[in-house]
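Biologist: Could you take a close look at one part of this model for me, the charged pair and what lies around it? I would like one connected account, with the reasoning spelled out where a cut-off matters.

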Amino acid sequence: KNESPPAAESTMPSTMVTSGSVNIQITSIDCKSKPEIVTIENTGDSSQDLTGWKIEDDGPKYTFNFPVGFSLEPESLVKLISGESGDNSNKTIYWKSRTVWNNDGDTASLFNSTGKLMSAMKCP
């Protein structure tokens with residue numbers, strides 16, 4: 001493979017932010033505890049409106065849709081909780097009061113508002 005060095009990228013001014021800089025991903029998943037916690041993190045440098053985004057459990061059997069207007073700030077995270085109930089905040093969202101994830105390798109998949117898979121993580 002002849003791959004050219006990525007030198008051209010580093011010379012671009014940092015103000016050139018493209019839509020490709022969306023860095024929302026699942027950074028951890030705890031399927032065995034109660035409550036279960038899926039952590040979604042914004043590792044990008046701009047806030048991201050998650051309206052229309054969703055998390056699915058092995059296909060659309062269980063689907064969590066982010067609340068309209070929910071935004072994730074840069075370098076911040078939100079924990080999606082299942083298995084207990086509580087009050088939603090900008091750091092914690094309660095999905096279901098019962099558990100969702102199987103302990104046998106369920107996969108959490110994060111889709112953006114156009115249905116593109118952005119991140120996935122398997123239960124350990």
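Modeller: Lys 54 has a relative accessibility of 25%, and because the buried class ends under 20% and the exposed class begins over 50%, Lys 54 counts as partly exposed. This is a predicted model, and the values that follow are to be read as such. Lys 54 forms a salt bridge with Glu 56, in which the closest N and O atoms are 3.3 Å apart, and a search of the whole structure finds one salt bridge. Its acidic partner falls in another class, since Glu 56, with a relative accessible area of 11%, is under the 20% limit and is therefore buried.

Between these two in the sequence sits Ile 55, and its surroundings lead into the interior. Leaving out residues up to four places away in sequence, Ile 55 touches, among others, Val 38, Ile 40, Phe 66, Leu 80, Trp 101 and Leu 110. Those six residues, together with Ile 55, are the ones with the most contacts inside the largest nonpolar core, which has 23 residues. Strands S1 (24–30), S2, S5 (62–65), S7 (76–82), S8 (92–96) and S9 (107–111) each supply at least two residues of this core, and S1 gives the most, with three residues. In soluble globular proteins, nonpolar side chains tend to be buried together.

Strand S2, which spans residues 36–42, also holds a polar residue, Thr 39. With a relative accessible area of 4%, Thr 39 is buried. Beyond four places in sequence, Thr 39 touches Gln 25, Ile 26, Thr 27 and Ser 28, as well as Leu 77, Val 78 and Lys 79.

A further acidic residue, Asp 106, is placed in the loop between S8 and S9. Asp 106 is buried, because its relative accessible area of 2% is under 20%. Apart from its neighbours within four places in sequence, Asp 106 is in contact with Asp 57 and Asp 58, with Val 100 and Trp 101, and with Met 121, Lys 122 and Cys 123. Trp 101, one of these contacts, is also among the partners of Ile 55. A polar atom of the Asp 106 side chain lies 2.8 Å from the backbone nitrogen of Asn 102. Asp 106 and Cys 31 are 75 residues apart in sequence, while their C-alpha atoms are 8.3 Å apart in space.

How values were computed. Residues numbered from 1 in each chain as written. Predicted model: local features only at pLDDT ≥ 70, side-chain atom pairs only at ≥ 80, totals over all residues. Heavy atoms only, no water. Helix = DSSP H or I, 4+ residues; strand = E, 2+ residues; numbered from the N terminus. Buried < 20%, exposed > 50% of the residue type's maximum accessible area, 1.4 Å probe, protein only. Contact = heavy atoms within 4.5 Å. Core = buried A, V, L, I, M, F, W, Y, C linked by side-chain atoms within 4.5 Å. Salt bridge = Lys/Arg side-chain N within 4 Å of Asp/Glu carboxyl O. Polar contact = N/O pair within 3.5 Å; in protein donor to acceptor, adjacent residues only side chain to side chain.
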